[in-house]
Amino acid sequence: MAKTPEEIIRDDIRALTAYHVPDSSGMVKLDAMENPYELPPALRTRLAAIIESAALNRYPDPGARRLKARLREAFAVPEGVEVLLGNGSDELIQMLVLASARPGAVVLGVEPSFAMFPMISAFVGVRYVGVELRDDFALDIERTLRAVEEHQPSLIFIAYPNNPTGNLFDAAAIERVVRAAPGLVVMDEAYQAFAGSSFMAQLPRKGNLLVMRTVSKLGLAGLRLGVLAGDARWITELDKLRLPYNVSTLTQMVANEVLQHGAVLTEQAAAIKLERGRLMRKLQEIPGLTPYPSDANFILFSITHAERVFDGLKQRGVLIKSLHGSHRLLANCLRVTVGTPQENDVFLAALIQSLNA
Ligand SMILES: Cc1ncc(COP(=O)(O)O)c(C=O)c1O
């Protein structure tokens, strides 16, 4: 008789709960740090023509040479630094953890941070150590250095700016972590377009540092494209476990074309940053609500009765993200993505109604 899932699937996998993406149809969607703006009509028409010419019967260019050159330019990857492309940065995180999963290996991150660092470590069966941030969400450098010394992690993930807290950690503190790390330090710069600070230029000087970027938050989340930059010695090894053709023909063509008109995305990011300032000021005016400083395209805030407020927003057609219950430091915290001015106004009105209900 054929075996059951209980007999075949790893116990630790069966114990996991699947990553839940809530249904957002018909809602004002401010839960996933997407860019709310669409591409200009002329560029969309151009993309349609390009897609029409795509040879979809053929496999994609496995090396994605044109796109890599374009990304190097768009992300200012220094000369001599290699790049690896992933089906979103999630896939790059998976490659990194898989490649370093020697018996007894440890992945280290800060807490709270991006959920995929511990989740992917769990998928791969690698021990994950989370080092708690300070109450103000700053990096607790002494605690982090102690954990690095104790656990000797193969990989350290630092989101810069951090998700879900939105802040940039102190760059000098990160440099101390890089110096102390026995293995790789991966700076996940998914929100760099909204921050204006990066470790990319440091890559040639720091052999154990990698910098990860994505086009998702820039306005191309649907494409699924992430970039990992670093010393060729690391990238060559990681590339061995990249599945062939992991970046589709359509992704390569569309990303290449849109990045050629990169100013469109930069201007949208500038508009989002401006709106972030306005949204922040509006949130600061609401009694009982504390918004936290943000260098990203979202704002974390704490509010009394967060769950009730979250449900109230949902009932009014606005979907944001509740982090209440996910970590001690995130009690009563909600996270809102910066949308268009109109979307943000709908959110603010629904928020005030939910508070007064
Ligand atoms: C810090 C961080 N890194 C990576 C990602 C995922 O990026 P991608 O869409 O490229 O997989 C996210 C998504 O929310 C994120 O917050």
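**Rings, a ligand and a few long-range ties**

Arg 335 sits over the face of Phe 298, 5.8 Å from the centre of the ring. The model is a predicted one, and the description here moves from ring contacts to the ligand site and then to a couple of single residues.

Aromatic pairs come up 7 times in the structure. One of them joins Tyr 59 and Tyr 245, with 4.3 Å from centre to centre and 10 degrees between the planes, and it is stacked. Both partners are loop residues: Tyr 59 belongs to the loop between helix H3 (41-52) and helix H4 (65-74), and Tyr 245 to the loop between helix H10 (232-239) and helix H11 (249-260), so the pair ties together parts that are 186 residues apart in sequence. As for solvent, Tyr 59 counts as exposed because its relative accessibility is 63%, and exposed means over 50%. Tyr 245, at 35% relative accessibility, counts as partly exposed.

Phe 137 and Tyr 292 make another pair: the ring centres are 5.1 Å apart and the planes stand at 75 degrees, so this one is edge-to-face. Here too distant parts of the chain are linked, with the two positions 155 residues apart in sequence. Phe 137 lies in the loop between strand S4 (127-132) and helix H7 (141-151), while Tyr 292 lies in the loop between strand S9 (289-291) and strand S10 (298-303). Phe 137 is buried, with just 3% relative accessibility, whereas Tyr 292 is partly exposed at 22%. On top of these pairs, Phe 114, Phe 117 and Phe 157 come together as one aromatic cluster.

Turning to the ligand, 14 residues surround it, and those that come nearest are Ser 89, Asp 188, Tyr 191, Thr 214 and Ser 216. By type, the shell splits into 5 nonpolar, 5 polar and 4 charged residues. Several side chains reach polar atoms of the ligand. Asp 188 has a side-chain N or O atom 2.5 Å from a ligand nitrogen. Ligand oxygen is approached by Asn 163, through a polar side-chain atom at 2.7 Å, and by Lys 217, through a side-chain N or O atom at 2.9 Å. Taken on its own, the ligand has 400 Å² of accessible area, and the protein covers 93% of that. Helix H5 (89-99) and helix H9 (216-220) are the elements that give two or more residues to the shell.

Back in the loop between H10 and H11, there is also Arg 242. This arginine counts as buried at 19% relative accessibility, because the cut-off for buried is under 20%. What does the side chain of Arg 242 make a polar contact with? One partner is the side chain of Asp 239, at 2.7 Å. The Arg 242 side chain also reaches the backbone oxygen of Pro 62, at 3.3 Å.

Finally, Thr 266 is part of helix H12 (residues 263-284). This threonine is exposed, with 53% relative accessible area. Between the C-alpha atoms of Thr 266 and Gly 130 there are 34 Å, and along the chain the two residues are 136 positions apart.

Key. Residues numbered from 1 in each chain as written. Predicted model: local features only at pLDDT ≥ 70, side-chain atom pairs only at ≥ 80, totals over all residues. Heavy atoms only, no water. Near = heavy atom within 4 Å. Polar contact = N/O pair within 3.5 Å; in protein donor to acceptor, adjacent residues only side chain to side chain. Areas by Shrake-Rupley, 256 points an atom, 1.4 Å probe, with all protein chains shown as cover. Helix = DSSP H or I, 4+ residues; strand = E, 2+ residues; numbered from the N terminus. Nonpolar A, V, L, I, M, F, W, Y, C, P; charged D, E, K, R; others polar. Phe/Tyr/Trp six-rings, centres within 6.5 Å; stacked < 30°, edge-to-face > 60°. Buried < 20%, exposed > 50% of the residue type's maximum accessible area, 1.4 Å probe, protein only. Lys NZ or Arg CZ within 6 Å of the ring centre and 35° of its normal.
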